[in-house]
Amino acid sequence: MSFDAAYQSQKLKSVGTRPLRPDGVDKVTGRARYGADFNMPGQLVARVLRSPHAHARIVRMDTGAAEALKGVKAVVTAADLPDLTNGDAELFAVLDNCMARTKALYDGHAVAAVAAIDERTAKQALKLIEVEYEILPHVVDVDAAMVADAPILNDELFTGGVDPKPDTPSNVANRAEFGHGDVDAGFAEADFIVERSYKTEQTHQGYIEPHACVASCNPDGTAELWVCTQGHFVFRQNCADLLGLEVSKLRVTSSEIGGGFGGKTHVWAEPVALALSRKAGRPVKLVMSRDEVFRASGPTSATSIDVKIGAKADGKITAAMATLRYSSGPYPGMWAELGAMTSFACYDLENVKTVGFEVIVNRPKVAAYRAPSAPMAAFAVESAIDELAQKLGVNAVELRIKNAAREGTKSSYGPVYGPIGIGPTLEAAQSHPHMSAPLGKNQGRGMACGFWFNFGGQTCSDLNVNADGTVALAVGTVDVGGSRASLSLIAAEELGIDYKDVKAVVADTATLGYNDMTDGSRGTFSSSMATISAARNAIAIMRARAALTWDIPVEDVYWEDGHAKAAGTKYGNLSPLSVRDIAAESGNTGGPIAGHSELVADGAGVSFATHICDVEVDPETGATSIIRYTVIQDAGKAVHPSYVEGQYQGGAAQGIGWALNEEYIYGADGRLQNSGFLDYRIPVCSDLPMIDTQILEIPNPNHPYGVRGVGETSIVPPLAATANAVSNAVGVRMSHIPMSPPRILAALNAERD
Amino acid sequence: MRYERPETIMDATALLAQASDSAFVLAGGTDLLVKMQNDDFEAELVVDIKSIAGMADVVETDDSFVIGAAVPCAALGEHEALCAAWPGVVEAANLIGSTQIQGRCTVAGNLCNASPAADSVPALVAANAQARIAGPDGIRTVAVEDIPTGPGKTSLAKGEIIEAIVLAKPTDRSGDAYLRFIPRTEMDIAVVGVGVCLALNDDGAVASVRVALGAVGPTVMLCPEAAETLVGTKLEDAALEALAAACSAASTPIDDKRGTVDFRKQVAGVLARRAALIAFERAGGSQ
């Protein structure tokens, strides 16, 4: 059945309320089953042997002694994961990352794995695997990897996107350019120009639950995988491709998920667990330690970015340019490209040019992290905008309002915007009491804007009306941020029933059609669209059942307030039939009632936010405390406002951690120094104030209720907002993230000298 | 791995004396249990000392407080007389880890773990605390600053256990304080820590002072040259500047994931200044 996704203004009863989440009690009582909570009879324990070297050729490996150890049931190496990628370079990178083939490309790169009857035996077995490495020169810094004499990671990698094609290999995998107009002419027109270089260090998503799975391969070629993931359908496809399994024979069930933030959109250990199970003939459980999570999963890019912005004396920006270098780990990515696309997306610019360089380094393969690549670009650009405002002597929010993109603006990355929220978030910031609150000694205020694309994608869901009138909703997008609550509200709204009468579950890959993963802030946007569609299909069936019951034409039955009603006066004596009434009779009127939906959710609707941050900096130690923080973001329509606020606060909290203390620290030997939460410093509760939120609702024209994704944009402005606040507090422009106390104190000392 | 829970200190020392090198004392376990998670860590013997009589008690005598080796830091915070006498030591002990950790961790354990960044140790050193050691050859008492000899290394001989930390009752007009720098607000490890304990003379000037620095060298160190800068002063600006300079100069830190050499040297001075002012105020001093 065709589905009209266009926005229709209507009064909503369930959507916009704040009921308790259906998964809440299980989670707070410990009953919820996360990745490591699943067990199977006869299950083995897997452990992975990892390279201690940043860059080394694997000369020889001997697993004989490990295999001979009593209790060891399987040892796998790259030989047990043969290359079935058939020239697909991206898939080969996934394979090589799961298990190093000829070279270990970073500290922590998996080189072998064992499955044994218990953890102690598995650990012992790892020590018995002999690996002879030829240590190669390494490079971990994004700028150092680009210089002419840098150690080359891949002799077959030639920079793409340049003409002519280079004939010497390089660590620069690709160059991508975006923009329009003539920046040189624009800068010539400018009265003021700011130009500065920025750096950001590599951070990890920092999800509390490590990667965990149980894999079970059966002799008949079927296999099961229970896994903590953001996208079980995608994991099924990746694992099937890498192991040569038929997709339909691999059933993947997603567990509850203790955070993902993009880091659980990629397979790491799952193909290894399946390979071990296939070899051992028994189920295998593989749970990564925190050390392994840091060394070999996630993280995001480290960056080096140059920004140049020119403006007339009246504040009109005449030209803007950015050169962005993003590390992608040892394999090519598209992270700089995303940074280049998002850099100036908040602004209406006549002349704009951005160039992104993807740089490979001896660090773990970069994974998506919440609005991937946008926070670093926003840090650089929004810092420069702040500096420009100071140079022009104008208010930073007014400068942004003057240059903000609006409906009809040709974005810096190409498309022309529809109705968007950047202007309204800026105006809300301007009139927010936070903006005019007094500041004390050693305090400073900063603001910044952020943009994210959002995504829709392939979505499939089932809505079953049970005989008691309650509704079971099966969706295929993993619930990372409260989407079961939101989707239950949506189903309740469409059907006109109570929220408590809807039970949403995340179905496994065998029971529902393909769904894209929960990324791109798409979970609630796309699955709510599918839920509305499925509910409407169920309503069509219920109308037909009512018509049958009443023995009147179905065209004379309409649906209103959760009831089938007979149209017109001629059926005046027929009392409306509720969902419960119709469901109770379903056995006699044609059997079970269900609504199905499969669709591609288009028109996710771009998302904008403006953040305001106040800090206090101790000038003697460089310690920064966040004393007030406000997030203003367009949600389109907040389905469950508490979870929308939670997304706003969560993104801000992660961004503040990134801005102040989080970073991957490598030793001269190329080994990661801080692979644990003691020295990789995410904020603790007492580090942050209560983060204020303001939800704006500018309806997305491409969703029946106007919903936009809200999950990611909130992490885009905080790096810049915090940096601007610190810079304003100390009177020195901070251009290197994180602004850890030693960096701030060093900057202050340099200024004092 | 063998786990033993002896009921006398003699049994405990005998177990350790006979054991191989991979034998460990378990009190609060907040360091040991974390180490045991490490793939490369193997313990053959763990001797739990919590069942030994007196280990979990704080005993107040006429002239001292005797803190048993298994007394959790949180319990120190609930001991009113100890809090009044040694607020800096108690505060330092209750900066370790989190609330949950403080319910288990001990100052004796913090000392024996021999981390230069141990929070309670600079405060104990400044307070001139003594460690009472039981061993195969009997009991001996040494100054706390003589226990750690390097990161993770102590002067304890094989079979020896610290059974108690002894703090003398403070003299009148004295005060102590401990401050540390961490990039977060809690659940972190000191990048720099400074303990100061001082006593005033009848004129209200500093009569004696002990300054201890943490995380700026291989062990927590007593810093007499810093202490000298305050003697005879009422912590005037010049004295505080001299103190800060002496602490910075005495610091011999390294660049690592937690901080830089320059940062640690500078902040050691800043914290010393601030801690001295708190200790001075606690001693009843006025400028």
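1. A small definition to start: helices here are DSSP runs of H or I at least four residues long, numbered from the N terminus. With that in hand, helix α16 of chain A is followed by D551(A), whose phi is positive, near 60°. Please keep in mind throughout that this is a predicted model.

2. Let me stay with D551(A) for a moment. This residue is not a glycine, yet its phi is positive, about 60°. It sits in the loop between α16 and β20 (557–560) of chain A. Is D551(A) buried or exposed? D551(A) counts as exposed, because it has 6 C-beta neighbours inside 10 Å, and the cut-off for exposed is 12 or fewer.

3. The helix just before that residue is worth a look too. Helix α16 of chain A covers residues 523–550, 28 residues in all, and at 1.5 Å a residue it should span 40 Å. Its end C-alpha atoms are 39 Å apart, which agrees with that expectation.

4. Now for chain A as a whole. Chain A has 21 helices and 27 strands. Its C-alpha atoms fill a box of roughly 90 × 75 × 50 Å along the principal axes. For 753 residues, a compact globule would have a radius of gyration near 27 Å, and chain A agrees, with 27 Å. Of those 753 residues, 58% count as buried. If you look at contacts in chain A with a separation of 6 or more, 79% of them are between residues 24 or more positions apart.

5. The domain assignment splits chain A three ways: domain 1 (24–32 + 456–601), domain 2 (35–136 + 220–249 + 264–287) and domain 3 (303–454 + 605–752). The C-alpha centres of domain 1 and domain 3 of chain A are separated by 39 Å. Where these two domains touch, domain 1 of chain A contributes 15 residues and domain 3 of chain A contributes 16 residues. On the domain 1 side, the elements giving two or more residues are α15 (483–495) and α16 of chain A. Which of the elements gives the most to that side? It is α16(A), with 5 residues. By class, the domain 1 side has 6 nonpolar, 7 polar and 2 charged residues.

6. Two peptide bonds in chain A deserve a check on your screen. Most residues other than glycine have a negative phi, and most peptide bonds are trans. A cis bond joins D163(A) and P164(A), with omega about 0°, and P164(A) is found in the loop between α5 (142–146) and β7 (172–180) of chain A. Another cis bond joins I737(A) and P738(A), with omega about 5°. P738(A) is in the loop between β27 (736–737) and α21 (741–752) of chain A.

7. Turning to chain B, its assignment gives domain 1 (2–115 + 128–168) and domain 2 (174–282). Their C-alpha centres lie 25 Å apart, and 15 residues of domain 1 of chain B are in contact with 15 residues of domain 2 of chain B. On the domain 1 side, α5 (87–93) and β8 (148–150) of chain B each supply at least two residues. The most comes from α5(B), with 5 residues. That side divides by class into 7 nonpolar, 6 polar and 2 charged residues.

8. Helix α1 of chain B (residues 9–18) makes a nice example of a helix with a buried face. Which of its residues are buried? They are A12(B), T13(B) and L16(B). Seen down the axis of α1(B), these buried residues fall within an arc of 90°, so they line one face of the helix. What covers them includes the strands β2 (23–26), β3 (45–48), β6 (130–135) and β10 (161–168) of chain B.

9. Chain B has a positive phi of its own to note. L235(B), a residue other than glycine, has a phi near 60°. Its place is in the loop between α9 (224–228) and α10 (237–250) of chain B. L235(B) is buried, because 21 other C-beta atoms lie within 10 Å and the cut-off for buried is 20 or more.

10. Finally, the contact between the two chains. It takes 18 residues from chain B and 19 residues from chain A. On the chain B side, the largest share, 5 residues, comes from helix α11 (residues 261–282) of chain B. The residues of that side divide into 7 nonpolar, 4 polar and 7 charged.

Technical notes
Residues numbered from 1 in each chain as written. Chains lettered and ligands numbered in written order. Predicted model: local features only at pLDDT ≥ 70, side-chain atom pairs only at ≥ 80, totals over all residues. Contact = placed C-beta atoms within 7 Å. Nonpolar A, V, L, I, M, F, W, Y, C, P; charged D, E, K, R; others polar. Domains from an automatic or database assignment. Arc of directions from axis to C-beta. Expected span 1.5 Å × (residues − 1). Rg over C-alpha atoms; globule rule 2.2 N^0.38 Å.
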